[in-house]
Amino acid sequence: MAELPFFTVIVPTHKRAVLLRRTLASINAQRDGVGGVEILVISDATDGDTDAACAELLTPADMYVRRNGPSGPSASRNMGLALAKGAYILFLDDDDSWHDGFLPALRAQPAVQQGLPVYFNCSIVNERRGADAAILSEGGADLAGRLTDEIYLKNQIPVCCFAFPRALLAGLKFDAHMRAYEDWEFMLAVYARQKAVHVPLIGARIFKDSGAESERRGVSQQSHDYNAVFDYLYVYRRHPAPNADLGQRRASLLNSFNIPVTAEMV
């Protein structure tokens with residue numbers, strides 16, 4: 001019987017084969033010394049370039065699925081969760097990557113050896129995409145101490161900066177009906193089960209396209225979109241504030257967008 005992998009990395013993708021190649025190469029470069037890595041690439045569209053990238057860069061231990069249904073990362077991540085066999089699960093977007101040596105260093109962390117959920121640092125990379133692609137800047141983000149009950153007010157840490165024991169995620173799903181903030185809603189459900197501990201590693205390289213207004217939902221202008229405010233209310237109603245102070249701060253935030261709620265409602 002084949003030994004199960006230690007890490008499963010779930011990568012949702014949508015017709016971005018050039019960027020996906022970078023993502024997969026960064027994972028492949030650090031398979032040794034981690035007790036097995038399983039990559040699950042879930043595509044929500046038929047795309048020959050994505051097929052070719054996966055055929056070239058995935059191994060027999062990995063899986064590539066072209067799923068049916070509406071596009072979007074939530075349903076793709078949910079399929080990945082259903083298929084994952086690793087002891088630990090990580091999520092990585094199809095335009096991001098891992099820093100060199102990250103997975104072996106993560107495997108060696110005492111908290112991971114104890115089976116705890118963990119979060120780690122990242123870097124933010126601004127790049128120009130297209131024919132004249134180039135890295136414009138890169139800066140590190142130390143996330144130590146950032147995961148607190150403030151997560152009930154607003155999102156704090158990208159989902160790609162966590163590693164979760166698979167058993168901890170049993171029964172949890174990303175809400176595929178949300179227009180934005182589905183990562184945050186998922187994280188609140190995990191946080192309610194067990195708070196992750198910080199490990200002093202730099203893991204994800206989060207790439208941002210300098211030529212796009214906002215590729216990542218919930219960032220920049222879309223954070224102030226009126227519909228997105230109702231998504232905040234949706235998250236608040238699903239995950240009640242743990243204390244009166246956070247309830248009042250939630251209400252004040254929504255009131256600032258002319259949403260007439262009281263602390264008791266959120």
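**Exercise 1.** What percentage of the 266 residues in the protein chain is made up of buried residues?

*Solution.* The model is a predicted one. A residue is buried if its relative accessible area is under 20%. By this cut-off, buried residues account for 49% of the 266 residues. The surface that the protein chain exposes comes to about 12,400 Å², with 53% of it supplied by carbon and sulfur atoms.

**Exercise 2.** Decide whether the radius of gyration of the protein chain agrees with that of a compact globule.

*Solution.* Start from the chain length: for 266 residues, a compact globule would have a radius of gyration near 18 Å. The value for the protein chain is 19 Å, so the two agree. Next, take the extents: the C-alpha trace spans about 55 × 45 × 35 Å along its principal axes. Finally, consider contacts between residues at least 6 apart in sequence: 74% of them join residues at least 24 apart.

**Exercise 3.** Establish how confident the prediction is along the protein chain.

*Solution.* The average pLDDT is 92, and 94% of the residues score at least 70. Then look at residues 214-224, where the pLDDT is below 50. In the model, this stretch has 26 contacts beyond near neighbours in sequence.

**Exercise 4.** Locate Q114 and classify it as buried or exposed.

*Solution.* First, the secondary structure of the protein chain comprises eight helices and nine strands. Q114 sits in the loop that runs between α5 (110-113) and β6 (118-128). Its relative accessible area is 58%; exposed means over 50%, so Q114 is exposed. As a last step, compare Q114 with Y181: they are 67 residues apart in sequence, and their C-alpha atoms are 30 Å apart in space.

Key: Residues are numbered from 1 along each chain as its sequence is written. This is a predicted model: local features need pLDDT of at least 70, side-chain atom pairs count only at pLDDT 80 or more; totals for chains, interfaces and linings use all residues. Side-chain values use heavy atoms; hydrogens and water are left out. pLDDT is the predictor's confidence in each residue, from 0 to 100. Contact means heavy atoms within 4.5 Å. Helices (H or I, at least four residues) and strands (E, at least two) are DSSP runs, numbered from the N terminus. The radius of gyration is taken over C-alpha atoms; the globule rule is 2.2 Å times the number of residues to the power 0.38. Buried means under 20% relative accessible area, exposed over 50%, partly exposed in between (1.4 Å probe, protein chains only). Accessible areas come from the Shrake-Rupley method with a 1.4 Å probe; for residues, only the protein chains shown count as cover.
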